[in-house]
Amino acid sequence: MTKFKLEYIWLDGYKPTPNLRGKTLIKEFESFPTLEQLPNWGFDGSSTQQAEGNSSDCVLKPVAVYPDPVRTNGVLVLCEVMMPDAKTPHPSNTRATILDDEDAWFGFEQEYFFYKNGRPLGFPETGFPAPQGPYYTGVGYSNVGDIARQIVEEHLDICLAAGLNHEGVNAEVAKGQWEFQIFGKGSRKAADEIWLARYLMQRLTEKYGIDIEYHCKPLGDTDWNGSGMHANFSTRYMREVGGKAYFESLMAAFAEAREDHIAVYGPDNHMRLTGKHETASIHQFSWGVADRGASIRVPHSFVNNGYRGYLEDRRPNSQGDPYQIASQILKTISTVPTD
Ligand code: ADP
Ligand code: MN
Ligand code: MN
Ligand code: MN
Ligand code: MN
């Protein structure tokens, strides 16, 4: 028997954006535990805005398990928060009620800032560094500094070793801003892995004295880019049948459902979706081929393949909940008839 360190990870009840929480349970198993072997556990919901003090127990129900490459005999146990009956999802549990379809594929591009002492990493104590231009996909000390890439590489290695489906990383447009991409088949799978990758990044940067700033426009109304979490998506029908007429109906449905999408695409998105800095206005829906100023960018490959493949919704922001984002996309797609 081996004593495993099980890190039970969940989302708390803070609004508009939940925080990641985690605590460790030590348990013996013959070998690396399966999901079925992992018991429910509990926590004090009054400390996480998930319960009142007089009846504060919430239940943690394991829903996904990954190795934790950083800890000896470590296990990452992603959990849903349940009511004390262990059957009813807690109101904060967005994962429990979303639409899912394993033939719907999602690729999220998570942008974020490294923050040190309340400023983006690499910013001088006062004022600003040289304007945007050389930082995006940049190389060299003046462009990316001395520590960011080390963290990005370490995070990438940890995520790959954990089995998260990272697809890539790059330095972003603002100084101190980076991105990783995660692809998954099914909204739950892709979104679970975004939350776990966020968790691993936050845990990793503790030792560097660095925070991850997910706000979509941390530098406010300046000439510095905000952070998005573009959602690339495709259903089986979009990949295999598609066609121009279906695409046009799909875009009409997205235009119609604009407000429902914006409602779950992350807080403060009006600060980011201004029409500047490679964004579209929050007030209008638009699409365009290879257009990074549109709500939905249609890749050249999509048009060249007879309107088949995936589309990129550029509106979701870096602080959004990927469960709700993916679910809303599936909800709108489901209103469009296929034949
Ligand atoms: P860009 O920065 O040019 O917008 P990225 O390379 O950062 O693009 O991200 C594009 C993402 O699209 C990839 O990481 C991948 O996860 C996702 N993707 C590729 N093919 C599909 C597909 N068929 N369905 C859903 N997502 C896809
Ligand atoms: Mn205690
Ligand atoms: Mn990208
Ligand atoms: Mn990007
Ligand atoms: Mn993109």
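1. Is D103 buried, partly exposed or exposed? With 13 other C-beta atoms within 10 Å, D103 comes out as partly exposed. Bear in mind that this is a predicted model. D103 sits in the loop between β5 and β6. Setting aside neighbours within four places in sequence, D103 has contacts with T235 and R236. P134 is another story: 31 residues away along the chain, its C-alpha atom is separated from that of D103 by 39 Å.

2. Now the overall picture. The protein has nine helices and 14 strands. Its C-alpha atoms fill a box of roughly 55 × 55 × 40 Å along the principal axes. A compact globule of 339 residues would have a radius of gyration near 20 Å, and the 21 Å found for the protein agrees with that. As for burial, 41% of the 339 residues count as buried. Among contacts with a separation of 6 or more, 65% are between residues 24 or more positions apart.

3. On to the hydrophobic part. The largest nonpolar core has 56 residues, and the members that touch the most others are V77, C79, F106, L196, A197, A231 and A326. Helix α3 supplies the largest share of this core, eight residues. There is also a second, separate core of 15 residues, with Y112, F114, L121 and Y214 among them. Going back to C79, its contacts beyond four places in sequence are Y8, I9, W10, L60, K61, P62 and V63.

4. Helix α9 is worth a look. It runs over residues 322–334, and its 13 residues should span 18 Å at 1.5 Å a residue; the end C-alpha atoms are indeed 18 Å apart. The buried residues of α9 are P322, Y323, Q324, I325, A326, S327, Q328, I329 and I333. A reminder for reading that list: an α-helix has 3.6 residues a turn, so residues three or four places apart point the same way. The cover over the buried residues of α9 includes the helices α3 (187–205), α5 (244–256) and α6 (258–264), along with the strands β6 (105–116), β11 (229–234) and β14 (311–313). One of the buried residues of α9, A326, is also listed among the best-connected members of the largest nonpolar core.

5. R95 ties in with that helix. R95 is found in the loop between β5 and β6, and it is buried, because 26 other C-beta atoms lie within 10 Å. Its contacts, not counting residues up to four places away in sequence, are E80, R188 and Y323. R95 and S327 are 232 residues apart in sequence, yet their C-alpha atoms are 9.4 Å apart in space. Both Y323 and S327 appear in the list of buried residues of α9.

6. What surrounds ligand 1? The shell has 15 residues, and the closest are G107, Q181, F183, N232 and Y310. The elements giving two or more residues to this shell are β6, β8 (166–171), β9 (177–185) and β11. By character, the shell residues divide into five nonpolar, seven polar and three charged. Two of the strands named here, β6 and β11, also take part in covering the buried residues of α9.

7. G266 is in the loop between α6 and α7 (269–272). Why does G266 count as buried? Because 27 other C-beta atoms lie within 10 Å. Leaving out residues up to four places away in sequence, G266 touches C216, P316, N317, S318, Q319 and G320. H215 is 51 residues from G266 in sequence, and the C-alpha atoms of the two are 9.0 Å apart.

8. Last, some backbone details to check by eye. The peptide bond from K15 to P16 is cis, with omega near 5°; P16 lies in the loop between β1 (2–11) and β2 (20–29). N73 is not a glycine but has a positive phi of about 55°. N73 belongs to the loop between β4 (57–68) and β5 (74–82) and is partly exposed, with 14 other C-beta atoms within 10 Å. A290, also not a glycine, has a positive phi of about 55°. A290 is in the loop between β12 (287–289) and β13 (296–298), and it counts as exposed with 12 C-beta neighbours inside 10 Å.

How values were computed:
Residues numbered from 1 in each chain as written. Chains lettered and ligands numbered in written order. Predicted model: local features only at pLDDT ≥ 70, side-chain atom pairs only at ≥ 80, totals over all residues. Helix = DSSP H or I, 4+ residues; strand = E, 2+ residues; numbered from the N terminus. Expected span 1.5 Å × (residues − 1). Buried ≥ 20, exposed ≤ 12 C-beta atoms within 10 Å, placed from the backbone. Contact = placed C-beta atoms within 7 Å. Near = placed C-beta within 6 Å. Nonpolar A, V, L, I, M, F, W, Y, C, P; charged D, E, K, R; others polar. Core = buried A, V, L, I, M, F, W, Y, C linked by C-beta atoms within 7 Å. Rg over C-alpha atoms; globule rule 2.2 N^0.38 Å.
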